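Student: I have a structure open here and would like to go through it with you. Could we begin with how its interior is put together?
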Amino acid sequence: MLPFKLVYSDDYYLPIGAHVFPAEKYRRIHDRLLQTGVAEASDFVTPQLASDADILLVHTQQYVHKLKTGTLSAREELELEVPYSPELVRAFWMAAGGSILAAEYALENRVAFNIGGGFHHAFPDHGEGFCMIHDVAVAIRRMQRDEKITRAMTVDCDVHQGNGTAVIFAGTRTPAGPLPSTAASTLGSATKPRTRFSGDVFTISLHQENNYPMWKPPSSIDVGLPDGIGDDDYLAWLDNALSSGLRQFEPELICYVAGADPYREDQLGGLSLSIEGLKRRDELVFKVALARGIPVMVTFAGGYAQKVEDTVTIHCNTVIAASETFAAP
Ligand SMILES: [Zn+2]
């Protein structure tokens with residue numbers, strides 16, 4: 001039995017037909033984890049659909065209305081890069097419900113996975129790049145609304161920059177403000193009262209600079225990597241970004257977006273990480289979080305390896321890395 005939960009639903013399947021996005025990967029990850037004995041059936045929990053109220057914590061009323069009534073414009077559907085259907089809307093609501101549940105479990109058990117999600121290219125008012133709803137942002141906002149956390153950090157290791165994440169949380173950052181760790185007595189009247197959603201979501205994105213999205217709105221920390229970077233350089237940059245972020249900010253939850261697409265055989269990526277290097281990446285994130293006692297919620301985001309099996313392996317390895325790191329001493 002794993003020392004954490006895996007949130008999964010067969011309804012994560014994205015009904016998008018023949019597509020570079022391997023919509024069946026979620027089921028295959030689920031099956032592989034069971035077949036290889038990494039997980040047992042009891043390690044999995046089934047999410048509920050996110051409510052519209054949850055989605056509206058991040059997305060605009062107008063965009064949600066368009067999704068629910070099938071009234072996206074042709075341009076908006078094109079930008080989404082997946083064919084609209086009511087079933088697809090349901091799959092994204094389910095992914096968001098899964099990330100909410102995974103965040104709740106992470107706060108309880110130090111780590112939890114959504115075997116899906118990580119749709120980091122969704123914006124408040126539109127979707128792009130296969131991402132309709134920003135499940136991670138929805139989960140963070142729900143945890144804040146429920147007063148389970150006030151501060152979160154996103155650590156986005158998908159090969160593509162987390163543009164939606166950067167925009168969603170940009171308006172709520174208070175970069176000039178004192179960090180929560182600063183002694184209150186020294187702050188006096190300079191301290192602005194924090195409203196419930198005054199933000200404090202610190203965003204880190206480690207990505208290939210020369211790749212989608214063309215426009216990269218600023219994250220709190222962006223590491224735009226050169227083409228073809230390999231395991232050791234990547235890990236050094238990640239280590240750096242994590243140390244720097246955690247020097248500036250004390251999150252109560254890390255949302256790790258564990259994209260499989262920095263892999264050297266990815267069809268939409270131009271970095272050169274090996275399968276082993278990607279597992280070391282996962283271990284690094286988990287070890288840092290564990291050492292500092294910060295819970296981690298994991299989502300899977302992209303992965304377009306020439307062989308779908310490789311994408312499944314990389315995602316399953318993230319679960320294995322967590323089980324090794326968080327195994328009871
Ligand atoms: Zn990606």
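Tutor: A term is needed beforehand: a nonpolar core is a set of buried Ala, Val, Leu, Ile, Met, Phe, Trp, Tyr and Cys residues joined through side-chain atoms within 4.5 Å. Please also keep in mind that this is a predicted model.

Student: Which residues touch the most other members of the largest nonpolar core?
Tutor: They are Leu 6, Phe 113, Ile 115, Ile 133, Val 155 and Phe 286, in a core of 108 residues. Helix 5, residues 86-109, gives the most to this core, with 13 residues. As a general point, nonpolar side chains tend to be buried together in soluble globular proteins.

Student: What is Leu 6 in contact with, leaving aside its neighbours within four places in sequence?
Tutor: Leu 6 contacts Leu 33, Ala 39, Asp 43, Phe 44, Val 45, Phe 113, Ile 115 and Val 319.

Student: Now the sheet. What is the order of its eight strands?
Tutor: The order is 2-1-3-8-7-4-5-6, in an open sheet with parallel pairing. Strand 2 (44-45) and strand 6 (221-225) stand at the edges with a single partner strand each, so each has one side without a neighbour in the sheet. Helix 9 packs on this sheet, where it touches strand 3 (111-114), strand 4, strand 7 and strand 8 (296-299). The direction of helix 9 makes about 175 degrees with that of strand 7.

Student: How many bridges join strand 4 to strand 5?
Tutor: Five bridges join them, and the two strands run parallel. Within this part of the sheet, Ala 152 stands opposite Val 201 in strand 5. Strand 5 also pairs with strand 6 over five bridges, again in the parallel sense.

Student: And strand 6, which residues make up its covered face and which its uncovered one?
Tutor: Ile 221, Val 223 and Leu 225 form the covered face, while Asp 222 and Gly 224 form the uncovered one. In a regular strand, side chains alternate between the two faces of the sheet.

Student: Let us turn to the metal. Which protein donors does the zinc ion have?
Tutor: The donors are Asp 158, listed twice through OD atoms, His 160 through ND1 and Asp 261 through OD, at 1.9 to 2.8 Å from the ion. Their spacing in sequence is D-x1-H-x100-D. His 160 lies in the loop between strand 4 (152-156) and helix 7 (163-170), and Asp 261 in the loop between strand 7 (253-257) and helix 9 (275-292), so this pair ties together parts that are 101 residues apart in sequence.

Student: Why is the arrangement irregular?
Tutor: The angles subtended by the four donor atoms run from 52 to 151 degrees, which makes the arrangement irregular. For tetrahedral, all angles would have to lie between 85 and 135 degrees.

Student: Are His 160 and Asp 261 buried or exposed?
Tutor: Both are buried. Another histidine to inspect is His 207, which is found in strand 5 and stands opposite Gly 224 in strand 6. His 207 counts as buried because its relative accessibility is 1%. Among the residues that His 207 touches are Asp 158 and His 160.

Student: Where is the cis peptide bond that involves Pro 213?
Tutor: It runs from Tyr 212 to Pro 213, with omega near -5 degrees. Pro 213 lies in the loop between strand 5 and strand 6.

Student: Which backbone positions have a positive phi?
Tutor: Most residues other than glycine have a negative phi. Glu 81 is one of the positive cases here, with phi of about 65 degrees; its place is the loop between helix 4 (74-80) and helix 5. Glu 81 counts as partly exposed, because its relative accessibility is 41%. Phe 130 has phi near 75 degrees and lies in the loop between strand 3 and helix 6. Phe 130 is buried, with a relative accessible area of 9%. Glu 147, just after helix 6, has a positive phi of about 60 degrees.

Student: How many of the eleven residues of helix 6 are buried?
Tutor: Ten of the eleven are buried, so helix 6 (residues 135-145) is mostly covered. The buried residues include Asp 135, Arg 141 and Arg 142.

Definitions and conventions
Residues are numbered from 1 along each chain as its sequence is written. This is a predicted model: local features need pLDDT of at least 70, side-chain atom pairs count only at pLDDT 80 or more; totals for chains, interfaces and linings use all residues. Side-chain values use heavy atoms; hydrogens and water are left out. Donors are N, O and S atoms within 2.8 Å of the metal (3.2 Å for Na, K and Ca); water is not among the atoms, so sites may look incomplete. Four donors count as tetrahedral if all angles lie between 85 and 135 degrees; four count as square planar and six as octahedral if opposite donors are over 155 degrees apart and all others between 65 and 115; anything else is irregular. Helices (H or I, at least four residues) and strands (E, at least two) are DSSP runs, numbered from the N terminus. Buried means under 20% relative accessible area, exposed over 50%, partly exposed in between (1.4 Å probe, protein chains only). Contact means heavy atoms within 4.5 Å. Two strands pair if DSSP finds at least two bridges between them. Axes are lines fitted to C-alpha atoms, for helices over the stretch in contact, and angles run from 0 to 180 degrees between N-to-C directions.
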